[in-house]
Structure formats: structure tokens, C-alpha cells
Amino acid sequence: MRDYDIIVIGGGHAGIEAACAAAREGFATLMVTQSLDAIGRLSCNPAIGGLAKGNLVREIDALGGVMGHLIDSSMIQYRILNRRRGPAVQAPRAQADKFTYSRNAKQLLEHTANLSLFMDTVVDLMVEDGRVIGIVTERGWRISARAVVLTTGTFMDGRIFIGEWDAPCGRLGESAALGLGDSLRRMGFPVGRLKTGTPARVRRSSLDFDELEIQKGDDPMLPFSFDYDDVDRPQMDCYVTWTNEETHSIIRENIHRSPLYGGKIVGKGPRYCPSIEDKVVRFPDRDRHQIFVEPEGVECEEMYLNGLSSSLPEDVQHRFIRTLPGLRHCEIMRPAYAVEYDYLDPMDLFPSLESKRLENLFIAGQTNGTSGYEEAAAQGIVAGINAALKLRGESPLVLRRNEAYIGVLIDDLVTKGTKEPYRMFTSRAEYRLCLRHDNADQRLVPLAYEKHSVEEEKLRRLEEKVSRMSDLRATLKAYRERGKNGLELLKEPEVTMDVLGAGCPAILEYPAPVRDEVELDVKYEGYLRRQESEAEAFSRREAMAIPADMDYDAIKGLSSESREKLKLVRPASIGQAQRISGLRVSDIALIMMALKGV
């Protein structure tokens, strides 16, 4: 087999973005995955986006990624979440036809220049002089590469659990990737175990929809990708139901049969997305829990029970699921299950997502301890871009916390690490008002163009949008009513673009995304100015670079604990050092004095 510039291990959401990014940069790229039919599979919730996650998807798109395109071509319901709250916590979410999404992902990869696909299982890395130089597969292939991106998801030594039954799988019916985890352990990589889970799927025609609360999508559907102006897709309804005391009683009576409480599962699961048995045990005073019943596709009978993940035995699942209104006569097509898998401590990575232990090895996705398609894809595109930049001999793409949610995500991982599946929340971002989903293109497209990640057409489209926004501001300033111009009127809480458009029809001639973004910028101008000032101070701290070979043992006054933390994280800047848990203000002062040669 021919050799490649970059090899990507894994065909999930991180692998897709990494492979496309590397190939887009002009490097001969190979994706190795266990199953070509499972590329881009939405293995848990068939949805993309959500609070903070929708921001990640739009940032991925601004960097040249493909997740926005894939969901725009497969969505079956679209909603903006938190419409009644401020813009900093609003985000798009779309239910996907999971079969269309996966099919489109595979077709996109097949038609991407410089990218080859190969079906096999990677069991080892080829290493020479502290650098990765290729991979070894289960069937004996030794394929060389100048850089490798590792994105194994939940498959590395994965094991699924349903009550007393367990098996080596990454997903139900799909074999685990065995061998690579042991190889990484032998090489000294810090490998741990995490756990996640998924709910049962029930047959649509067996549900009593009269007993379910309907949840409709927004009209019109809007695109995630900045490359499109609109979306033309069929829209389907979702539904809501609730657990009850009977549900909880059955779960409590059988809790001893759960592998979570019987000691079979040692990996830690996500606190923010607990299984139904976890909810019942941890919140005994709650008499009900909300469950979303969501379609998995247009021509599909399976419905996803969002909020009802479990690892209880199948007979118990059949009993408690049928206590829910609307599901009393349901037919269960796939059981819920938990999955435990190997992950690598992300504190072992540089902010570029390159391994500190093995040069030219980049690691992304759930392998780094994250949870969610969007978090995985966000890391994947950064890892792919940086693998290409490393081969070019150029400086890596490192997004700061004030530049992108992706910057927050990666900084949290490499600075603080994680002991449970990491999920992105708006509350994690200090500058979230500046990191809205609607302005991701303004924040990141110019940078992506500079790093060769997007074509000139994307930059031109952004420039056209910015020009329209400027023209709209001029139109608003020229319009007067009640002794005020349109910009002044728009700052009043009850005044919207639509209200002003009634008196000045020219306003409504601008595209909705342009109107919405200008409206938010004007209404929150004071808050934005204050947050931008804080972000400038943050940037100054980030610009105070710390050499990679800084000798912390030579800095007098540092405690032993602080030295160990600094040597583990190897912060790239004073700003990153300040975010290391447990580091004192006096420690930072000592480092700054050392940098100045005092």
C-alpha cells in the first residue's frame, strides 16, 4: 500500500473533520476506519447543535469544516433554543435524518480530493526517534505517514453493558477496536476509562400520540453553514412525555441489576446527562422527569427517547418504558445500553492537540475525554488543520478563549484535563456575548483563510455580508422617528427590526441573518464594548509567551506541587498558567519575574 502524508484513525465526527481539513490543505490523506458503512453515524441522539453546541457547529463551518453542510442537507426539524433569553445563550439545534446524514458524510469523503478511505482496524503506531511514522493494522498492513490523527471515539477497547450482559463493542452490533489501547499503555500514554450511554428506540406506529405533547420546529428552517442562505427540507414534529412514580418504582426495585451500581462499570459517566436510574437515585424528591420522543428519520419507524438512557436489563427496560404516557403499548426495537471505553488524558497534549509524548501525533474527539458530536468535530478540524500546518513548517492554529467556543473547549481540556466526559456549556465561556453563533464567520473566516483552511469564496461571502451590515446601519441611521434615528430606536427593548421595517420598508429588504446580527450588535452595544475590553486584557496575558523548555525547577519560591503542575501542563502563556487549578498568584508573579530575567 502507498504511503501518505497524514493518516486519520476513525470515521466518526472528529475523523471526518480531520480528514477533510488535511486533504483540503493539499496533503495525501488516508482515513482508516473499522466500517465504511458507519462513517458519520449519529450513534446516540440523532441531532446536531444545541446550547453552546450550535455555536461550535457554526465555528467549525467558519473554519472550513463540513458538519454544517451535513446537517443542512439532512435536518428534519430546526429550532433556535432559548429564544426568550439573551443572545449569548441562544443557539440553533436540528433534528437529523440519521441515515441521510451518514450517507452524505460518506459520499462527501469519497468525493474529496487527496483523500482515500480504507477499512481495517489500527492496532499499533509505528514510532521512530520520538515521532510517529505510521500505523499497523489488524490485517498486518504497515502504512507510513508523516503525521497521524487519532480519533477512536468510544471504540478503543469499548465494552457495552445491558444488565448482566456485556460484550466488547463500540456500539451495539459493532466490534470494539482492540489492541491500540494496550499499545498506547505500553508506550506510556495516560489511558483511562469513561462511560456513556444511549436510550432505547421504540416503534413509531406503536405509540399513542394523543397522550404525547407535540413539539414543533421553527419556520423557516435556517442553515448552520454560512455558505447557504436557506434550507429546503421536510420538517417533522417531536414529542414530550414524562416519567412517573410507577416508572421510578420499577427502576428502584431493580437497581441492583444495573452494572452502574453492581461495580461492573468503572468508568465515570457524564453528570449533565445521567441515565434514568441515576436520575431516580440522585433526585429522589423528583416525581417525574421529562422525556423527548424524537424521530430518527423521515422514512424510519424508530423513535429516540431522549433523556431515558439506561443500562438496566432488557426485561426491566420493557417494564418501565411502558409506564410512560404515550408509550404504554410501545414496541422496543433497540434496547438502551451503556458503553465504557479508553480515553487519553488531554493534559498530555499541546493546545495544537499534538501529543507532548509523541511528535506528529494529533489526538481529537472522545479519545480526549469529550462527549458529543460537536465537541468531537471541533477538535477534529483543529487537529487536521494543525497536522497539515506542522508538515508545512508553519505555526499552529490555536484559538483563544475570547475568539471561539472551540478555544474554550481545547483550553479547558489541555489545561485542566477531565475525569468525566466533557460537554460544552455557554457558562464555560467568559466572553460568550462576543461568541454568538451568528458572528462565528466574522471571528474565524479571516483566520481560516490565513491558515489555508477555506477558499477565497468563503472570505468573499463574508466581506459581502459585512458590507450589507454596514449599509443597513447607514439605512437605520438615516431613518428618523420620534426625534430619534433608527439605531437609537433599536436600543429600546420593545423595538425590533420588524417594528422599524413597518415605517422604513427598505430595512426589510436586507437578508434576515444580516438584520438579526445588526439588531443584536446595536441592542447589546454597551455590553459588547465592556466584554471586548475584558477580552483585550485577556489577549495581553495570552501574548506573554512561556518557552516550551522553561526550567521550573530553577525558579526559586515555587512549591513542589506548583512545579509538578507546571511541568505537566507546560503552559504556553501566562494566561494559560493562570488557569491551572491550584496555582497561586504568587506563583504567576515568580514565573513573570523569571521571564524578565529578574
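**Exercise 1. Describe helix α2 and the residue that follows.**

*Solution.* Gly64, just after α2, takes a positive phi of about 100°. Helices (H or I, at least four residues) and strands (E, at least two) are DSSP runs, numbered from the N terminus. Helix α2 covers residues 53-62 and is mostly covered, with ten of its ten residues buried. Buried means under 20% relative accessible area, exposed over 50%, and partly exposed in between (1.4 Å probe, protein chains only). Among the buried residues of α2 are the charged-type names Lys53, Arg58, Glu59 and Asp61, as well as Leu56, Val57 and Ile60.

The model is predicted: local features need pLDDT of at least 70, side-chain atom pairs count only at pLDDT 80 or more, and totals for chains, interfaces and linings use all residues. Residues are numbered from 1 along each chain as its sequence is written, and side-chain values use heavy atoms, with hydrogens and water left out.

**Exercise 2. Characterise the overall dimensions and burial of the protein.**

*Solution.* Begin with the secondary structure, which comes to 20 helices and 24 strands. Next, consider the radius of gyration, taken over C-alpha atoms; the globule rule is 2.2 Å times the number of residues to the power 0.38. For 598 residues, a compact globule would have a value near 25 Å, and the protein agrees because its radius of gyration is 25 Å. Along the principal axes, the C-alpha atoms fill a box of roughly 75 × 70 × 50 Å. Buried residues make up 58% of the 598 residues. Finally, among contacts (heavy atoms within 4.5 Å) with a separation of 6 or more, 72% are accounted for by residues 24 or more positions apart.

**Exercise 3. Work out the strand order, edges and twist of the four-stranded sheet.**

*Solution.* Strands pair if DSSP finds at least two bridges between them. On this basis four strands form an open sheet in the order β11-β10-β21-β14, with antiparallel pairing. The edges are β11 (165-167) and β14 (191-198); each has a single partner strand, so one side of each is left without a neighbour in the sheet. Neighbouring strands are turned by 20° against each other on average, direction ignored. As a specific pair, β10 (residues 159-162) and β21 (residues 337-344) run antiparallel and are joined by three bridges. Ile160 stands opposite Val339 in β21.

**Exercise 4. Repeat the analysis for the six-stranded sheet.**

*Solution.* The order of this open sheet is β16-β17-β18-β19-β15-β20, and the pairing is antiparallel. The edge strands β16 (213-215) and β20 (332-334) each pair on one side only. From one strand to the next, the twist averages 35°. Strand β15 (residues 201-203) runs antiparallel to β20 and is joined to it by two bridges. Within this pairing, Val202 stands opposite Ile332 in β20.

**Exercise 5. Describe the packing of helices α12 and α13.**

*Solution.* Two packed helices are described by the angle between their axes and the distance between the axes. Axes are lines fitted to C-alpha atoms, for helices over the stretch in contact, and angles run from 0 to 180 degrees between N-to-C directions. The axes of α12 (residues 440-450) and α13 (residues 456-478) come within 10 Å and cross at roughly 145°. The crossing is left-handed, a term used if the near helix is turned anticlockwise from the far one by less than a right angle, with right-handed meaning clockwise. Helix α12 contributes residues including Val445, Pro446 and Tyr449, while α13 contributes residues including Leu459, Leu462 and Met469. By class, the contact has seven nonpolar, one polar and four charged residues. Here Ala, Val, Leu, Ile, Met, Phe, Trp, Tyr, Cys and Pro count as nonpolar, Asp, Glu, Lys and Arg as charged, and the others, Gly among them, as polar.

**Exercise 6. Locate the loop residues Ser311, Pro220, Leu353 and Arg570, and state a backbone or burial feature of each.**

*Solution.* Ser311 lies in the loop between β19 (302-306) and α9 (314-321). Its relative accessibility is 1%, so Ser311 counts as buried. Beyond its neighbours within four places in sequence, Ser311 is in contact with residues including Phe161, Ser258, Glu277 and Ala338.

Pro220 is placed in the loop between β16 and β17 (238-242), and the peptide bond from Asp219 to Pro220 is cis, with omega near 10°.

Leu353, in the loop between β21 and β22 (361-363), has a positive phi near 75° although it is a residue other than glycine. Leu353 counts as buried because its relative accessibility is 0%.

Arg570, in the loop between α18 (560-569) and α19 (574-578), has a positive phi near 50°. With 28% relative accessibility, Arg570 counts as partly exposed.
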